[in-house]
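Okay, thanks for coming, everyone. I've got one structure to go through today, so let me put it up on the screen.

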Amino acid sequence: MKRVLKYAAAVATVAMLWSCVNNEEKIQQRITEFCGQTEMGIYNGNSKIYAFEPETQQVAFAASEKTCRLQADDLSLFVQYALTGNVTENGTVKVTITSLGVDNVAVKNIDMTVKKIDGNKLYLWQSDKQYGHLIYWEF
């Protein structure tokens, strides 16, 4: 009986470890998909939660405040990012997100990982929801 329980526990442990590895692979796939995006917005994998529309929206950036704001021309919606800390690739920054009219984006102070810097594009990863935020940034 003890031997059966040991084998059952071993099988359960292997299954749990495999699940964790598989989950990490899925998260890494989502990050890779996000880092392949070229348009500003908020992404859930390849799906856009919020898409910046240059025809009807604008970008505001304040280097002294470390703030980027994506907003509609009529101000009916916006997402604002205020960063604290050094912005370096693979580094972590504290981000205060404020929004109006954008679903699934609430005011919050969270740590985000800088996954990629590409010219004036900053790729931020929100691990709690597995969202990618692609914003404008000046270095």
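I'll go through a threonine, then the cysteines, then a couple of loop residues. Keep in mind that this is a predicted model.

So, Thr-67 to begin with. You'll find Thr-67 in strand E4, which covers residues 67-72. Is Thr-67 buried or exposed? Thr-67 comes out at 14% relative accessibility, and buried means under 20%, so we call Thr-67 buried. What's around it? Leaving out anything up to four places away in sequence, Thr-67 touches Ala-60, Phe-61 and Ala-62, then Gln-80, Tyr-81 and Ala-82, and also Trp-137. There's a polar partner too: a polar atom of the Thr-67 side chain sits 2.9 Å from the backbone oxygen of Glu-65.

Okay, cysteines. How many disulfides does a search of the whole structure find? Zero. As for where a couple of the cysteines sit, Cys-68 has 0% relative accessibility, so that one is buried. Cys-35 has a relative accessible area of 15%, so Cys-35 is buried as well.

Last bit, the loops. Asn-90 is in the loop that runs between strand E5 (78-84) and strand E6 (92-100). Its phi is near 70°, which is a positive value, and this is a residue other than glycine. Asn-90 is also exposed, because its relative accessibility is 58% and the cut-off for exposed is over 50%.

Then there's Gln-130, in the loop between strand E8 (121-126) and strand E9 (131-136). Gln-130 has a positive phi too, near 60°, and again the residue is something other than glycine.

That's my tour, over to you for discussion.

Notes:
Residues are numbered from 1 along each chain as its sequence is written. This is a predicted model: local features need pLDDT of at least 70, side-chain atom pairs count only at pLDDT 80 or more; totals for chains, interfaces and linings use all residues. Side-chain values use heavy atoms; hydrogens and water are left out. Helices (H or I, at least four residues) and strands (E, at least two) are DSSP runs, numbered from the N terminus. Buried means under 20% relative accessible area, exposed over 50%, partly exposed in between (1.4 Å probe, protein chains only). A polar contact is a pair of N or O atoms within 3.5 Å; within protein, one must be able to donate a hydrogen and the other to accept it, and residues adjacent in sequence count only if both atoms are side-chain atoms. Contact means heavy atoms within 4.5 Å. A disulfide is a pair of cysteine sulfur atoms within 2.5 Å.
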